[in-house]
Amino acid sequence: MGEINGLPAHVLLIHFVVIVVPLAALCALLAVAWPAARRRLGIVTPLIALAALVSVPLTTEAGEWLEERVVETPLSEAHVEIGESLLPWVIALFLLTAAHWAWCRYVAVPDGRFSRLVPGRQSRRVITLVLAAGSVVTVVLIGESGVRAVWSGNVSSGEN
């Protein structure tokens, strides 16, 4: 992934990541905390998390392409380092949403005979909150470091 219409693909793809990761986090929180929302959202929550999971490596790859074409600075290096930390959060968020959806859809039964196989409701909420917050905070930190790298005037094209 290099350029799209003459623009680095990275600067276009990050807009998708900035939307889809927090959206996946919000849907995960709603699904685990509010049964009516979980029923309405259904498979949509894990599908949004899957979109986030697919978009992060694509954006990272496009960022690596761009990194090879700009002058390295401490700010751009910090952005790259923080950027590499998002994928584990998004993987965990996807696995959580997929497992929660599958559990509620196919395994959970009214008599609760499978309830001992998964963490309790409060534990599921805490785990979801941690993963959602971690994902969103990481996106914000990555975006903030990228903005600093670009708008501080320290990143310039390697082509003179």
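These are my notebook entries on helix packing, the nonpolar core and a few single residues in a predicted model.

**Entry 1. Overall content**

I began with the secondary structure, and the chain has six helices and two strands. I then read the order of the elements from the N terminus, which is β-β-α-α-α-α-α-α. I looked up burial next: of the 160 residues in the chain, 31% are buried. I also checked how far apart in sequence the contacting residues lie. Among contacts with a separation of 6 or more, 84% join residues 24 or more positions apart.

**Entry 2. α1 against α6**

I took the pair formed by helix α1, residues 9-33, and helix α6, residues 121-151. Their axes come within 9 Å and cross at roughly 170 degrees. An angle over 145 degrees counts as roughly antiparallel, so α1 and α6 are roughly antiparallel to each other. I noted the hand of this crossing as left-handed. I listed the residues that make the contact: α1 gives V18, V21, P22, A25, A28, L29, V32 and A33, while α6 gives R124, R125, T128, L129, A132, S135, V136 and V139. I sorted the residues of this α1 and α6 contact by class and got 12 nonpolar, two polar and two charged.

**Entry 3. α3 against α5**

I turned to helix α3, residues 44-67, and helix α5, residues 86-107. Their axes are 8 Å apart and the packing angle is about 160 degrees. With the same cut-off of 145 degrees, α3 and α5 are therefore roughly antiparallel to each other. The crossing of α3 and α5 is left-handed. On the α3 side I found T45, P46, A49, L50, A52, L53, V56 and P57, and these meet L86, L87, V90, I91, L93, F94, T97, A98 and W101 of α5. The class count for the contact of α3 with α5 is 15 nonpolar, two polar and no charged residues.

**Entry 4. α1 against α5**

I checked α1 with α5 as well, and here the axes are 11 Å apart at an angle of about 35 degrees. α1 passes α5 in a left-handed crossing. The contact residues are V17, V21, A24, A25, A28, A31 and V32 of α1, with L86, V90, L93, T97 and H100 of α5. The α1 and α5 contact divides into 10 nonpolar, two polar and no charged residues.

**Entry 5. The largest nonpolar core**

I asked which members of the largest nonpolar core touch the most other members. Of its 20 residues, these are V21, V56, L86, V90 and L93. The elements giving two or more residues to this core are α1, α3, α5 and α6. The largest share, seven residues, comes from α1. As background, nonpolar side chains tend to be buried together in soluble globular proteins.

I then followed L93 outward. Setting aside its neighbours within four places in sequence, L93 is in contact with V21, A24, A25, A28, A49, L131, A132 and S135.

**Entry 6. L87**

I looked up L87, which is in helix α5. Is L87 buried or partly exposed? Its relative accessible area is 30%, so I entered L87 as partly exposed. Leaving out neighbours within four places in sequence, L87 is in contact with L53, V56 and P57. I also took a C-alpha to C-alpha distance: L87 and A52 are 9.3 Å apart in space and 35 residues apart in sequence.

**Entry 7. H100**

I found H100 in helix α5. H100 has a relative accessible area of 13% and is buried; the cut-off for buried is under 20%. Not counting residues up to four places away in sequence, H100 touches A31, V32, R38 and R124. Of these partners, I had already listed A31 and V32 on the α1 side of the contact with α5, and R124 on the α6 side of the contact with α1.

**Entry 8. T59**

My last lookup was T59, which lies in helix α3. What is the relative accessibility of T59? The value is 7%, so T59 counts as buried. Outside the residues up to four places away in sequence, T59 touches H10, L13, I14 and V17.

Notes. Residues are numbered from 1 along each chain as its sequence is written. This is a predicted model: local features need pLDDT of at least 70, side-chain atom pairs count only at pLDDT 80 or more; totals for chains, interfaces and linings use all residues. Side-chain values use heavy atoms; hydrogens and water are left out. Axes are lines fitted to C-alpha atoms, for helices over the stretch in contact, and angles run from 0 to 180 degrees between N-to-C directions. Helices (H or I, at least four residues) and strands (E, at least two) are DSSP runs, numbered from the N terminus. Angles under 35 degrees count as roughly parallel, over 145 as roughly antiparallel, 65 to 115 as roughly perpendicular and the rest as oblique. A crossing is left-handed if the near helix is turned anticlockwise from the far one by less than a right angle, and right-handed if clockwise. Contact means heavy atoms within 4.5 Å. Ala, Val, Leu, Ile, Met, Phe, Trp, Tyr, Cys and Pro count as nonpolar, Asp, Glu, Lys and Arg as charged, and the others, Gly among them, as polar. A nonpolar core is a set of buried Ala, Val, Leu, Ile, Met, Phe, Trp, Tyr and Cys residues joined through side-chain atoms within 4.5 Å. Buried means under 20% relative accessible area, exposed over 50%, partly exposed in between (1.4 Å probe, protein chains only).
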